[in-house]
Amino acid sequence: MFFHNFKYTLKALLRNKGLIFWTLAFPLIMALFFNMAFSNIEKQDKFKAINVAVVTNEYYENNTMLKETFELLSDENNKDRVFDSKYVNQDEAKELLEEEKIDGYVVFSEDSQQIIVNKNGVNQTILKFVVEEIVQAEDTADIIQEKVENIFNSREENGIMETLKSIIILLQNNSANIKDNSDANLSYMTIEFFTLVAMTCLYGGILGAVAINWCLANMSNVGKRLSMTPVSKLKMVISGTLAGYLIQLVGVALLFIFTIGILKIDFGNKTFEMVVLALVGSFAGLTMGVAVTAAIKTSENAKTGILIGFTMLGCFFAGMMGVSMKYLIDKSVPIINKLNPANMITDGFYSLYYYDTLDRFYGNICGLCIFSAIMLAIAIVSLRKQKYESI
Amino acid sequence: MENIIEVKNLTKLYKKKKAIDDLSFDVYKGEILGFLGPNGSGKSTTINCILSLLNFNKGNIKIFGREMSPNAYDIKRKIGVVFQDVAVFEELTVYDNIDFFCGLYVSNNNKRKKYIEDAINLVGLQEFKKYYPKQLSGGLLRRLNIACGIAHKPEIIFLDEPTVAVDPQSRNNILEGIKKLRSDGATIIYTTHYMEEVEMICDRVIVLDKGKIIAKGTTDELKYLAKIKEKITVEAKEISNQNLNQIKQLPEVQNISYENGILKISYENEKNNLENIIDFLKNNQIKYRKIYSERPTLNDVFLELTGKELRD
Amino acid sequence: MIVYKTFLKVLNKCKFPIILYSAILLFFAGINMSSNDNTMDFTAEKPNIAVINNDKEEGITKSFLEYLHENTNIKDIKNDEQEIKDALFYREIQYIVYIPEGFSDSFLDGKNPQLEIKSTGEYQSELADMIVERYIKVAKRYRGSTDSDEELFEKIDETLSKKADVEIISKMDTKTITRLTRYFNFSAYSFIAISIYVISTILFIFKSEKINRRTIVGSIDYKKVNAKLLIANSGFCFIIWAIYFICARILIGEVAFSTYGIYFAINSLIFVICTVTLGFFVSHFVKSRNTITALINIIGLGSSFLCGVFVPMEYLPEGVLKIAHVLPAYWFVKNNELIGSTEVFSGDVIKSLVINAAVIIGFTIVFFVGSNIVTKKKMKAE
């Protein structure tokens, strides 16, 4: 009987085109859209050489230091390259700027440096900054000369070798001692895909909801008929939800295969934990679906609507419609996202992707388990009833 | 006669309104028992209470001599229910639907196949096995609904208004099917508000109104309850008030009514009433288009007992 | 009249989704309302950074912090590893500097103490990196050449405050115009969603309730019915369009009624008419109410993602933009972007605008003819 119901529930669910669209196809379509729209954003954000122009007037041509500095900063082989420079005359520079081929251009002269841009922005600021630095370097050259002289003057006290050493150290030691500890996996757009997984997990609850709706005498006509069969309600409910859970997991698996395998989205490398999170997250979606079905007496369509609405709202707070929303909520009203299953799933994937430790991940898993437990409790209270006051 | 269902003092309140008021009756093995009553008279509620779907406030219900409860699976195994609303899976074919419901009773595959074929033949859906419910007309859908409820060959079958909004062909098919089920040995509880159906197939009738039994017995016994024994209808355009008064005075006439050119006369006894009225019309030179006599129907009985028509 | 009456009845039923899709538009338009500065002088961009200072706030550390305050936006982040990591990930900050204990003393001693940093590797963080590096370099150069620490700090300060002249040649109020562009771009989603929703629902009801049969039997030409429905829908969408235009004035300001605003308005009106015919065309493929929601999501979200509604066109990969050519929303957004980046509406610009608009009108005609063909075929099939 258990398998009989499981088999037919599976068959009926799979035949329901609307359900299958929302739970299996819709996430894949969204993933495709996301990938098309977002794949370039981060590449654009990554620092690339800025397009600028230098006006090659007489002053510039004759100032070797200026020239060499600019050429070094624009050298393709320099890993600290900042500019992609064009060397043109004033009119050409102006034209390039108007056509937005460059972010700005510089005109050097004896006593001033003029930077011309067409708007405020980071690139323009960087241009300004570098030009200032070049000018300042000219100033500080005097000081270094003075320093060298000072050391040189003390050669009789310190001995010639010591003096030379000091000068070499002085000259070499002109760079800042900065250690870059930047984290890997800083791609914030992956959050979009995490919310998509969250959405798929929770949408799966609709399958469970529909399957359960069929078993409940006070909810559907089929339910009335089923409650007259000599099969226990528990058996029907469990086999029905299992069928829903199975399709739900297939949906999540398809999404993983599509995003990781075909779209090549980087989810990090903690595969085992990811699978655990997907299973727990889907279970949370399932229990939510069952609880809504069992506890709220309304039509199947309305129940589906409630589940979709709640899931989308949750995904909104988890950053689906703009990653910064998640951060905003996390920081300013954390309680919302602590209770939001869509965020718990998203945050779980985020912590697996970005964090080295698993504490935050376990926190999310616990949160999801508590959520599922509460949903299950609501469901059990409502499902235990076998006789009703009215049908 | 063997009692297969016993209902004693069944009372059910919806909020404070009595939906069923102290109902007691028995169902005998092998009979077709009709539950007759207008919409909202408590027919479905009674059935749902018997089936342990609804809580009730008072009374007890025994099926096969044992207390009925939601967990009485051995009783449920021998019961088949066809509810008023169609209860099938939109997503499964006709065959799969029957197989699904039957499979919850019968796990042996070969036996089940045979049972399904029998059910399909009984309701005449042979050509529609592969159809989905959406593709079926209202009548065919009702037949599928019945097939799903009776495929496991239950000993007791509850049919709750199985013919609502059904075309005449399907209705005949359904009623024939029900007779066949009885002749195969099932006991049938049949609710309806169509008295013609009750007259056609029921052995015994229980008439319900406002949750109370207002009459029970065979159809003939019930009709005997009526004071009227014959009804004569005359279609005549012009009958004067004087003539009407004279008709009222004719022997055995209990009551008359005259509206829109139709004269209805009820008699307390059937004794040459038709002859008398024809003579009267002839003598008074009243022209008439039609005249016919009827025996009282259950509707008349109902009308007399409750003061209202069966159908609303 | 039956056409219009039914239309109004159905419209009343659709209230909620219409309000929803409009609310989404206004919400996103509202999100973009962040800053309001209209200055035309060059202001240096300040990167968002955080500083975790483990040193005492004196000596070179104090001077360094003052310098950072001047040249960057120092965000207040709790010294908590998780908070810092999150802030970097979500780009609240682009860069973080850890100043170690004893930094000042060690530096003034002539040593080279290490600063730890974390960066996102984006433009702003590159700038922050330059800012930090420059301070250290300059400080090093002057170190040991002065008589007192105070003199050292003064010299550093003096050098660092030398600025180059920057001139902005554009006179456009780019920020408000960009906001207006985004606003109109985003309206594409709302227009598509509302058009498909309302029109499909109406036609679905027309079909399912026997009205369809009555209109056919009633010897009314299907073309006339289509045209009537089209007029009713266009009227409705015109109202929605007008409301959106007024909202633009309220949310974004007077610029909505400037020359730019008028160009935007004309462009969006052409697009609205296109979405009406699109909704009309699509509605012929609606078999159930569920299909309507599915279609809105696929067509509405698809157009929005691929055509630069949600993500500005400049961020979209070329391949995606190529595909987007087959969608009317692409031409609408393209026109918006063109209007938004134009300073003078010269003949050339107007020519491009007209060409793009012509493509949208072309789509409109295709959808309209398409729906008539489908209606005709369906009627014959029946």
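**Exercise 1. A sheet across two chains**

In what order do the five strands of the open sheet that includes β5(A) and β4(C) stand?

*Solution.* Keep in mind as you work that this is a predicted model.

Step 1. Read the order across the sheet: β5(A)-β4(C)-β3(C)-β1(C)-β2(C), with mixed pairing.

Step 2. Find the edges. β5 (178-180) of chain A and β2 (73-74) of chain C are the edge strands, and each of them pairs on one side only.

Step 3. Check one pairing inside the sheet. Strand β1 (residues 48-53) of chain C runs parallel to strand β3 (residues 95-99) of chain C, and five bridges link them. As an example, C:Ala50 has C:Ile96 of β3(C) as its bridge partner.

Step 4. Add the helices. α6(C) packs on the sheet, where β5 of chain A and β1, β3 and β4 of chain C are touched; the direction of α6(C) makes about 30° with that of β3(C). Helix α3 (residues 59-71) of chain C lies across β1, β2 and β3 of chain C, at about 165° to β1(C).

**Exercise 2. Chain C against chain A**

Describe the contact between chains A and C, and say which element of chain C gives the largest share of its side.

*Solution.* Step 1. Count both sides: 63 residues of chain C are in contact with 60 residues of chain A.

Step 2. List the elements of chain C that each supply at least two residues: α4 (81-89), β4 (115-119), α6 (123-142), β5 (165-168) and α12 (289-306).

Step 3. Pick out the main contributor. α6(C) gives the largest share, 14 residues.

Step 4. Sort the side of chain C that touches chain A by residue class: 30 residues are nonpolar, 15 are polar and 18 are charged.

Step 5. Look for strand pairing between the chains. Strand β4 (residues 113-117) of chain A runs parallel to β5(C), joined by four bridges. One of the residues to inspect is A:Val117, whose bridge partner in β5(C) is C:Ile168.

**Exercise 3. Where chain B fits in**

Which pair of chains has the most contacts, among the two pairs that touch?

*Solution.* Step 1. Take chains B and A: 29 residues of chain B are in contact with 23 residues of chain A.

Step 2. Locate them on chain B. α2 (73-76), β6 (79-82) and α3 (94-103) of chain B each supply at least two residues, and α3(B) gives the most, with four residues.

Step 3. Classify the side of chain B that touches chain A: 19 nonpolar, five polar and five charged residues.

Step 4. Try chains B and C. These chains do not touch, and 13 Å lies between their nearest C-alpha atoms.

Step 5. Conclude: the pair with the most contacts is chains A and C.

**Exercise 4. The sheet of chain B**

Why is one side of β6 and of β10 (212-217) of chain B left without a neighbour in the sheet?

*Solution.* Step 1. Set out the sheet. Six strands of chain B form an open sheet in the order β6-β7-β8-β3-β9-β10, and the pairing is mixed.

Step 2. Look at the ends. β6 and β10 of chain B are at the edges and have a single partner strand each, so one side of each has no neighbour in the sheet.

Step 3. Note the twist: on average, neighbouring strands of this sheet are turned by 15° against each other, direction ignored.

Step 4. Inspect an inner pair. Strand β3 (residues 32-36) and strand β9 (residues 204-209) of chain B run parallel and are joined by four bridges. B:Gly34 has B:Val205 of β9(B) as its bridge partner.

Step 5. Place the helices. Helix α1 (residues 43-50) of chain B packs on the sheet, touching β3, β7 (156-160), β8 (187-192) and β9 of chain B, and its direction makes about 145° with that of β8(B). Helix α11 (residues 298-306) of chain B lies across β3, β9 and β10 of chain B and runs at about 140° to β10(B).

**Exercise 5. Two helices of chain A**

Work out how α12(A) and α13(A) are oriented to each other.

*Solution.* Step 1. Get the geometry. The axes of helix α12 (residues 233-262) and helix α13 (residues 271-295) of chain A come within 10 Å and cross at roughly 135°.

Step 2. Name the orientation: α12(A) and α13(A) are therefore oblique to each other.

Step 3. Add the hand: the crossing of α12(A) past α13(A) is right-handed.

Step 4. Find the residues in contact. They include A:Gly244 and A:Leu249 of α12(A), and A:Gly285 and A:Leu286 of α13(A).

Step 5. Sort the contact: six residues are nonpolar, five are polar and none is charged.

Definitions and conventions. Residues are numbered from 1 along each chain as its sequence is written. Chains are lettered from A and ligands numbered from 1 in the order in which they are written. This is a predicted model: local features need pLDDT of at least 70, side-chain atom pairs count only at pLDDT 80 or more; totals for chains, interfaces and linings use all residues. Axes are lines fitted to C-alpha atoms, for helices over the stretch in contact, and angles run from 0 to 180 degrees between N-to-C directions. Angles under 35 degrees count as roughly parallel, over 145 as roughly antiparallel, 65 to 115 as roughly perpendicular and the rest as oblique. A crossing is left-handed if the near helix is turned anticlockwise from the far one by less than a right angle, and right-handed if clockwise. Two residues are in contact if their C-beta atoms, placed from the backbone, lie within 7 Å. Ala, Val, Leu, Ile, Met, Phe, Trp, Tyr, Cys and Pro count as nonpolar, Asp, Glu, Lys and Arg as charged, and the others, Gly among them, as polar. Two strands pair if DSSP finds at least two bridges between them.
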